[in-house]
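Welcome, and please have the model open as you read. The text below is meant to be followed with the viewer at hand.

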Amino acid sequence: WHVLSTRRLRVEVPFVPKDHAFDMRGSLPPVRSAILCGVVDAYLGGSGMDTATEKAPLVGIIMGSKSDMPVMEGCTAELDALGVPYELVVASAHRNPAKVHEWAESAADRGIKVIVAAAGKAAHLGGVVAAFTPLPVIGVPMKTSDLGGLDSLLSMVQMPSGVPVACVAINGAKNAAIYATQILGATMPEYRDAVAQLKRDMAEA
């Protein structure tokens, strides 16, 4: 697996020869993310893959299913607006447990500071990720057709003592991004300032 990066987004994709990378980028939709071989492949935008200027991801976003992407675009859009670099991967705690384990266990070593985990129904993804990392984990329960997301919500918030997972509202992807930025802001003034500006903008709206 190789990682293709933009200035703010790093995404795992199957190996693509370097001389074909831009051709692949040009074939992707210009606005929405696309799914490639079951793993999220984001559009790479007009700035290309400028490895000299890109920022290392600070937020890791993991989703249990590619069907979560429309909701989680609220998270990625807010992180973009706040200037927070992130990486994105699709891996189910039930269907891809080994991949989830590897991704979560290596997150801190890759420089990730906060994790956002989105899942629906028996939404164990956030808890499984939290079991394998010392990093803070924010759960985003997905709305479901069966129980309206209550199943997802209870699966995330009812964590056992010692393995906390913070949890936003059902489909609360935007708030997950803001909360992740607030966590970063505790030690990184530029992100504290970004959240402060967001609050000023809301007050003046």
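This report moves from the overall make-up to the central strands, the nonpolar cores, a helix pair and a few loop residues.

**Overall make-up**

Please keep in mind that this is a predicted model. The protein contains seven helices and nine strands. Of its 205 residues, 45% are buried. If you look at contacts between residues at least 6 apart in sequence, 65% of them join residues at least 24 apart.

**Strands E5, E6 and E7**

A good place to begin is strand E5, residues 59-63. Five of the five residues of E5 are buried, so this strand is largely enclosed by the rest of the structure. Val-59, Ile-61 and Met-63 point one way from E5, while Gly-60 and Ile-62 point the other way, and all are buried. This fits a familiar pattern: in a regular strand, side chains alternate between the two faces of the sheet.

Strand E6, residues 86-90, is also mostly covered, with five of its five residues buried. Here Tyr-86, Leu-88 and Val-90 point to one side and Glu-87 and Val-89 to the other, and all are buried. Notice that Glu-87 is among these buried residues; in E6, Glu-87 is the bridge partner of Gly-60.

E5 and E6 run parallel and are joined by five bridges. To get from E5 to E6, the chain passes through helix H2 (residues 69-82), and this β-α-β crossover is right-handed. E5 also runs parallel to E7, again with five bridges joining the two strands. Met-63 is a handy residue to click on, since Met-63 has Val-90 as its bridge partner in E6 and Ala-118 as its bridge partner in E7.

**The nonpolar cores**

The largest nonpolar core has 30 residues, and those with the most contacts inside it are Val-59, Ile-61, Met-72 and Val-116. At least two residues of this core come from each of E5, H2, E6, strand E7 (114-119), strand E8 (137-141), helix H6 (173-185) and helix H7 (189-204). H6 gives the most to this core, with six residues. There is also a second, separate core of 20 residues, which includes Ala-93, Val-100, Ala-104 and Leu-125.

Val-116 deserves a visit of its own. Which residues does Val-116 contact, leaving aside its neighbours within four places in sequence? They are Val-59, Gly-60, Ile-61, Ile-62, Met-72, Cys-75, Ile-138, Val-140, Ala-176 and Ala-180.

**Helices H2 and H6**

H2 and H6 pack against each other at an angle of about 35 degrees, with their axes 7 Å apart. The crossing of these two helices is right-handed. From H2, the residues that take part are Val-71, Met-72, Gly-74, Cys-75, Glu-78, Leu-79 and Leu-82, and they meet Ala-173, Lys-174, Ala-177, Ile-178 and Thr-181 in H6. Met-72 thus appears in this helix pair and is also listed among the residues with the most contacts inside the largest nonpolar core.

**Loop residues**

Away from the strands and helices, three loop residues are worth a look. The table gives their relative accessible areas.

| Residue | Relative accessible area | Class |
|---|---|---|
| Lys-121 | 42% | partly exposed |
| Lys-143 | 60% | exposed |
| Asn-171 | 30% | partly exposed |

Lys-121 sits in the loop between E7 and helix H4 (125-131), and Asn-171 sits in the loop between strand E9 (166-167) and H6. Most residues other than glycine have a negative phi. Lys-121, however, has a positive phi of about 60 degrees although it is not a glycine, and Asn-171, also not a glycine, has a positive phi of about 60 degrees.

Lys-143 lies in the loop between E8 and helix H5 (150-157). Why does Lys-143 count as exposed? Its relative accessible area is 60%, and a residue is called exposed when this value is over 50%. Even so, Lys-143 has partners elsewhere in the chain: leaving aside its neighbours within four places in sequence, Lys-143 is in contact with Gly-148, Gly-149, Ile-170 and Asn-171. One of these, Ile-170, is 27 residues from Lys-143 in sequence, yet the two are 5.9 Å apart in space, C-alpha to C-alpha. Another, Asn-171, is the loop residue with the positive phi described above.

Note on methods
Residues are numbered from 1 along each chain as its sequence is written. This is a predicted model: local features need pLDDT of at least 70, side-chain atom pairs count only at pLDDT 80 or more; totals for chains, interfaces and linings use all residues. Side-chain values use heavy atoms; hydrogens and water are left out. Buried means under 20% relative accessible area, exposed over 50%, partly exposed in between (1.4 Å probe, protein chains only). Helices (H or I, at least four residues) and strands (E, at least two) are DSSP runs, numbered from the N terminus. Two strands pair if DSSP finds at least two bridges between them. A crossover is right-handed if, with the strands pointing away from the viewer, the path from the first strand over the helix to the second runs clockwise. A nonpolar core is a set of buried Ala, Val, Leu, Ile, Met, Phe, Trp, Tyr and Cys residues joined through side-chain atoms within 4.5 Å. Contact means heavy atoms within 4.5 Å. Axes are lines fitted to C-alpha atoms, for helices over the stretch in contact, and angles run from 0 to 180 degrees between N-to-C directions. A crossing is left-handed if the near helix is turned anticlockwise from the far one by less than a right angle, and right-handed if clockwise.
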